[in-house]
Amino acid sequence: MINCIKARRSIREYTPEPVTDEQIQTMLEAAMAAPSASNIQPWEFIVVRDPTLRQQLAQVHPWSGMAADAPVVFVVCGRPSDSHHWVEDCSAATQNLLLAATALGLGGVWVAMYPRNQCEDHVRAILRLPETWRPLCLVPVGHPAETKAARTQYDAQRVHYDAL
Ligand SMILES: Cc1cc2nc3c(=O)[nH]c(=O)nc-3n(C[C@H](O)[C@H](O)[C@H](O)COP(=O)(O)O)c2cc1C
């Protein structure tokens with residue numbers, strides 16, 4: 001588990017090998033196992049495999065191009081009307097999804113949409129999402145075509161015990 005957390009890196013290049021339905025299911029189950037305030041689970045997940053839609057998502061901003069190349073893109077959305085904590089809850093779900101991808105030998109990257117209103121509107125239009133949903137991020141996932149070293153980034157200076 002700890003090794004998987006350290007091995008997770010942002011993977012932005014993918015082989016053409018498909019991601020299976022079973023792998024997608026595993027990642028979604030991991031995402032929905034995340035903690036959420038009062039266990040409201042104010043999240044929705046759109047699984048985008050259609051190449052035309054992925055191409056459109058890739059154009060949402062200058063750092064979202066990976067969506068065109070990854071065989072699957074998860075779009076993590078929140079329902080703000082159901083919880084003030086939707087951002088935290090959907091972020092926890094996104095991290096779980098990324099860790100599950102790593103555990104499966106896949107790679108992915110968090111591509112932020114929130115809090116850029118224009119980007120959120122663009123995604124909402126492409127995927128015909130309800131006005132009440134806010135797309136937190138895209139998560140392109142595929143078989144890694146790049147390798148990155150595991151790391152901890154542990155910094156003792158950021159750790160504080162008891163009162164400062
Ligand atoms: C909130 C958030 C937004 C991010 N947005 C993008 C993005 O739009 N495009 C991208 O390529 N990477 C994005 N990333 C990935 C970061 O660049 C990456 O996590 C960071 O450089 C550390 O590298 P690592 O994930 O390999 O440890 C985002 C990460 C987070 C947490």
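# Getting to know this predicted model

His61 lies in the loop between helix H3 (51-58) and strand E2 (72-78). This is a predicted model, and the questions below start from that residue.

Q: Why is His61 called buried?
A: Buried means under 20% relative accessible area. His61 has a relative accessible area of 10%, so the word buried applies.

Q: What makes the link between His61 and Ala112 a polar contact?
A: A polar contact needs a pair of N or O atoms within 3.5 Å. Here the backbone oxygen of Ala112 and a polar atom of the His61 side chain are 2.9 Å apart.

Q: Which residues does His61 touch, leaving aside those up to four places away in sequence?
A: They are Val111, Ala112, Met113, Arg116 and Cys119.

Now for the ligand.

Q: How do you know which residues are around the ligand?
A: A residue counts if one of its heavy atoms lies within 4 Å of the molecule. The residues that do are Arg8, Arg9, Ser10, Arg12, His61, Trp63, Met66, Val109, Trp110, Val111, Ala112 and Arg151.

Q: What makes up the shell around the ligand, by class?
A: The shell has six nonpolar, two polar and four charged residues. Arg counts as charged, and the residues around the ligand include Arg8, Arg9, Arg12 and Arg151.

Q: What makes Arg9, Arg12 and Arg151 polar partners of the ligand?
A: The cut-off for a pair of N or O atoms is 3.5 Å. An N or O atom in the Arg9 side chain is 2.8 Å from a ligand oxygen. For Arg12, a polar side-chain atom lies 2.7 Å from an oxygen of the ligand. For Arg151, the distance from a side-chain N or O atom to a ligand oxygen is 2.4 Å. The protein covers 62% of the 620 Å² of accessible area that the ligand has on its own.

Next come the aromatic rings.

Q: How many aromatic pairs does the structure hold?
A: It holds two aromatic pairs.

Q: Why is the pair of Trp43 and Phe45 called tilted?
A: Ring centres must lie within 6.5 Å, and planes under 30 degrees apart are stacked, over 60 edge-to-face and the rest tilted. Trp43 and Phe45 are 6.3 Å apart centre to centre, with 50° between the planes, so they form a tilted pair.

Q: Are Trp43 and Phe45 buried or exposed?
A: Trp43 has 5% relative accessibility, so it counts as buried. Phe45, with a relative accessible area of 16%, is buried too.

Q: What makes the pair of Trp86 and Tyr114 edge-to-face?
A: Their planes meet at 80°, with 5.1 Å from centre to centre. An angle over 60 degrees is what edge-to-face asks for.

Q: Which parts does the pair of Trp86 and Tyr114 tie together?
A: Trp86 lies in helix H4 (residues 86-103), while Tyr114 is in the loop between strand E4 (111-112) and helix H5 (117-127), so the pair ties together parts that are 28 residues apart in sequence.

Q: Why is Tyr114 called partly exposed, while Trp86 is called buried?
A: Partly exposed falls between the 20% and 50% cut-offs. Tyr114 has 28% relative accessibility, so it is partly exposed. Trp86 has 6% and therefore counts as buried.

Some backbone details are worth a look as well.

Q: What is the form of the peptide bond from Tyr114 to Pro115?
A: This bond is cis, with omega near 5°. Pro115 is placed in the loop between E4 and H5.

Q: What makes Ser38 and Asp162 notable for their phi values?
A: Ser38 has a positive phi of about 55° although it is not a glycine. Asp162, also a residue other than glycine, has a positive phi near 55°.

Q: Why are Ser38 and Asp162 called exposed?
A: Exposed means over 50% relative accessible area. Ser38 has 70% relative accessibility, so it is exposed. Asp162 has 78%, so it is exposed as well. Ser38 lies in the loop between helix H2 (21-32) and strand E1 (43-48), and Asp162 is in the segment after strand E5 (134-142).

Q: How do you know that Arg79 is buried?
A: Arg79 has 17% relative accessibility, and buried means under 20%, so it counts as buried. Its place is in the loop between E2 and H4. The Arg79 side chain makes a polar contact of 2.6 Å with the side chain of Asp82.

Technical notes
Residues numbered from 1 in each chain as written. Heavy atoms only, no water. Helix = DSSP H or I, 4+ residues; strand = E, 2+ residues; numbered from the N terminus. Buried < 20%, exposed > 50% of the residue type's maximum accessible area, 1.4 Å probe, protein only. Polar contact = N/O pair within 3.5 Å; in protein donor to acceptor, adjacent residues only side chain to side chain. Contact = heavy atoms within 4.5 Å. Areas by Shrake-Rupley, 256 points an atom, 1.4 Å probe, with all protein chains shown as cover. Phe/Tyr/Trp six-rings, centres within 6.5 Å; stacked < 30°, edge-to-face > 60°.
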